[in-house]
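This briefing goes through one protein chain, from single positions to the overall fold. Please keep the sequence and the structure in view while reading.

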Amino acid sequence: VSGQTPTELEFEAALSSVKFTNTSDTPAATDRVVAFRVTDPSGAGNATSAAVNQTVTLTPTNDRPTVALGSQTPGFTELDGSDTGANAVVVNSAVAITDLDGTNPLSATVTITNAKTGDQLLFTNTAKITGSYDTGTGVLTLTKVSGQSPTELEFEAALSSVKFNNTSDTPDSTDRVVAFRVTDPSGAGNA
């Protein structure tokens, strides 16, 4: 700072406070070498010290994918007569997935957290994503078809197409809560 003459102790404190950070969501896991040098005010040929190196080890961390839903309030109306699935309603047509690591999802689940008798989640398989609904748990699991690599956008489209249906002739009128969860290749998931 102009007009100031910091002491050796003040420079030691300043150098001791230097921190390393990396802003990438996918940093390389290689060690970093930080070199410290000090220059005195004499201006002589040997006024700058030899470098002293400090190695910083970097350990990348997987960022969990996140799921955002469009602001929607779907409503299901029981079909008069036998259920055909014709009244099934899309749960949320604006599902958005974000994975800061840039990896494509490995799988996804859609869960009716308070499932009632006759509830079901419907999904039409695609060329890259297949669905399986468990009536006992109220969980629809979406997984990639063997040999396929569906993208984040393809999983968003798949999740945005999931429909709710109830096959009962006397369905419980309690509002259902449906949770969406996506898992990335590292096994990390988030709702």
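**Starting point: T117**

T117 sits in the loop that runs between β6 and β7. The model is a predicted one. T117 is exposed, since its relative accessible area is 68%, and exposed here means over 50%. The points below move from this loop to the neighbouring sheet, then to helix α2 and the chain as a whole.

**Around T117**

- Setting aside neighbours within four places in sequence, T117 is in contact with N166 and S168.
- N166 also takes part in strand pairing, as it is the residue of β10 that stands opposite D119.
- From T117 to D184 the separation is 67 residues in sequence and 32 Å in space, C-alpha to C-alpha.

**The three-stranded sheet**

- β4, β10 and β7 form an open sheet of 3 strands, in the order β4-β10-β7 and with antiparallel pairing.
- β4 (89-90) and β7 (119-122) are the edge strands, each of them pairing on one side only.
- Strands of a sheet pair through backbone hydrogen bonds, in either a parallel or an antiparallel sense.
- Between β4 and β10 (residues 163-166) there are 2 bridges, and the two strands run antiparallel.
- On the β4 side, V90 has K163 of β10 as its bridge partner, and V89 has F164 of β10.
- Between β7 and β10 there are 4 bridges, again in the antiparallel sense.
- On the β7 side, D119 stands opposite N166, and L122 stands opposite K163.

**Faces of β7**

- Which residues of β7 point to the buried face, and which to the other? D119 and L121 point to one face and are buried, while Q120 and L122 point to the other face and are not buried.
- In a regular strand, side chains alternate between the two faces of the sheet.

**K163 in β10**

- K163 belongs to strand β10.
- Is K163 buried, partly exposed or exposed? K163 counts as partly exposed because its relative accessible area is 35%, which falls between the 20% limit for buried and the 50% limit for exposed.
- K163 is the bridge partner of V90 and also stands opposite L122 of β7.
- Apart from neighbours within four places in sequence, K163 is in contact with A88, V89, V90, V91, Q120, L121 and L122.
- K163 and F123 are 40 residues apart in sequence, yet their C-alpha atoms are 6.6 Å apart in space.

**Helix α2**

- Helix α2 covers residues 152-160, and its buried residues are F155, E156, A158, L159 and S160.
- The elements that cover these buried residues include β4, β5 (96-98), β6 (107-112), β8 (129-134), β9 (139-144) and β11 (178-183).
- β4 thus appears twice in this account: as an edge strand of the open sheet and among the elements covering α2.

**A28, in an earlier loop**

- A28 is located in the loop between α1 (8-16) and β1 (32-36).
- With a relative accessibility of 43%, A28 counts as partly exposed.
- A28 and T59 are separated by 31 residues in sequence and by 8.5 Å in space, C-alpha to C-alpha.

**The chain as a whole**

- The protein chain contains 2 helices and 12 strands.
- Along the sequence, these elements follow the pattern α-β-β-β-β-β-β-β-β-β-α-β-β-β.
- The radius of gyration is 28 Å, well over the 16 Å that the globule rule gives for 191 residues, so the protein chain is more spread out than a compact globule.
- Along the principal axes, the C-alpha atoms fill a box of roughly 95 × 40 × 25 Å.
- Of the 191 residues, 25% are buried.
- Taking contacts between residues at least 6 apart in sequence, 64% join residues at least 24 apart.

**Surface and charge**

- The protein chain exposes about 12000 Å², of which carbon and sulfur atoms supply 51%.
- There are 10 positive and 21 negative charges, and the mean positions of the two sets are 4 Å apart.

Key
Residues are numbered from 1 along each chain as its sequence is written. This is a predicted model: local features need pLDDT of at least 70, side-chain atom pairs count only at pLDDT 80 or more; totals for chains, interfaces and linings use all residues. Side-chain values use heavy atoms; hydrogens and water are left out. The radius of gyration is taken over C-alpha atoms; the globule rule is 2.2 Å times the number of residues to the power 0.38. Buried means under 20% relative accessible area, exposed over 50%, partly exposed in between (1.4 Å probe, protein chains only). Contact means heavy atoms within 4.5 Å. Accessible areas come from the Shrake-Rupley method with a 1.4 Å probe; for residues, only the protein chains shown count as cover. Lys and Arg count as positive and Asp and Glu as negative; His and the chain ends are not counted. The place of a charge is taken as NZ of Lys, CZ of Arg, CG of Asp or CD of Glu. Two strands pair if DSSP finds at least two bridges between them.
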